[in-house]
Amino acid sequence: MANKMASCIFCKIIKGEIPCFRLAETEKTLAFLDINPLSQGHALVIPKVHGEKLTDIPDDHLTDILPIAKKLALATGAHEYNILQNNGRGAHQEVGHVHFHMIPKPNPQEGLGISWPQQKTDMDKLKALAEEIKSKM
Ligand SMILES: [Zn+2]
């Protein structure tokens, strides 16, 4: 973990070693503009503790994040927007430090584009899956 933190670009941003356009900050969270935006106002909200995936971050840090994403959405004036958080390279995570995107969707051309490959299923399978997941929580 220590080595990953030393080379982590977001940990360096948190420490001020790499500049960013800061938008909001609390004891546990930092928000700043994405430098490769999908639309105007595209921002990132990150926990100040290093963790690669959502499951690596303590709950009290996670609960600090969404209210800031909400404030960003309001401040940008975005009427439509996506809150996105990817986990793992295969799931399109580019930086190995948990980050939530707040991406305004001003029109069909700008912002996040999504492919949504729905699978066929049946209600019995869904019911069994729901029971299985609930039994592990
Ligand atoms: Zn980090």
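What share of the contacts in the protein chain with a separation of 6 or more comes from residues 24 or more positions apart? In this predicted model, the figure is 52%. Let's see how the chain is laid out, then walk to the metal site and on to the cores.

The protein chain has four helices and five strands, and from the N terminus on the elements follow the order α-α-β-β-β-α-β-β-α. Along the principal axes, its C-alpha atoms fill a box of roughly 50 × 40 × 25 Å. Of the 137 residues, 31% are buried.

A good place to pause is the zinc ion. Its protein donors are the SG atoms of Cys8 and Cys11 together with the ND1 atoms of His50 and His97, at 2.0 to 2.3 Å from the metal. Written along the sequence, the spacing of these donor residues is C-x2-C-x38-H-x46-H. Because the four donor atoms subtend angles of 105 to 115° around the zinc ion, the arrangement is tetrahedral. For comparison, the ideal angle for four tetrahedral donors is 109.5 degrees. Both cysteines also fall under the 20% cut-off for buried residues: Cys8 has a relative accessible area of 6%, and Cys11 has one of 5%.

From the donor His97 we can step to His99, whose side chain reaches the backbone oxygen of His97 at 2.7 Å. His99 sits in the loop between β4 (81-84) and β5 (100-104), and an unreviewed UniProt entry places the feature "active site" at this residue. With a relative accessibility of 7%, His99 counts as buried. Setting aside residues up to four places away in sequence, His99 touches Phe10, Leu44, Val45, Ile46, Leu84, Gln85 and Gln93.

One of those contacts, Val45, leads us into the largest nonpolar core, a set of twelve residues that also includes Ala31, Ile57, Val98, Phe100 and Met102. At least two residues of this core come from each of β3 (43-47), α3 (59-76) and β5. The helix α3 gives the most, with five residues. Apart from this core lies another, of nine residues, and among them are Cys8, Cys11, Ile13 and Leu30. The two zinc-binding cysteines thus turn up again here, as members of that nine-residue core.

Back in the largest core, Met102 is worth a look. Leaving out neighbours within four places in sequence, Met102 is in contact with Ala43, Ala69, Leu72 and Ala73, and also with Gly41, His42, Thr76, Tyr81, Asn82 and Ile83.

Key:
Residues are numbered from 1 along each chain as its sequence is written. This is a predicted model: local features need pLDDT of at least 70, side-chain atom pairs count only at pLDDT 80 or more; totals for chains, interfaces and linings use all residues. Side-chain values use heavy atoms; hydrogens and water are left out. Donors are N, O and S atoms within 2.8 Å of the metal (3.2 Å for Na, K and Ca); water is not among the atoms, so sites may look incomplete. Four donors count as tetrahedral if all angles lie between 85 and 135 degrees; four count as square planar and six as octahedral if opposite donors are over 155 degrees apart and all others between 65 and 115; anything else is irregular. Buried means under 20% relative accessible area, exposed over 50%, partly exposed in between (1.4 Å probe, protein chains only). UniProt positions are given in the numbering used here, feature names are shortened, and annotations may be inferred rather than shown by experiment. Contact means heavy atoms within 4.5 Å. A polar contact is a pair of N or O atoms within 3.5 Å; within protein, one must be able to donate a hydrogen and the other to accept it, and residues adjacent in sequence count only if both atoms are side-chain atoms. A nonpolar core is a set of buried Ala, Val, Leu, Ile, Met, Phe, Trp, Tyr and Cys residues joined through side-chain atoms within 4.5 Å.
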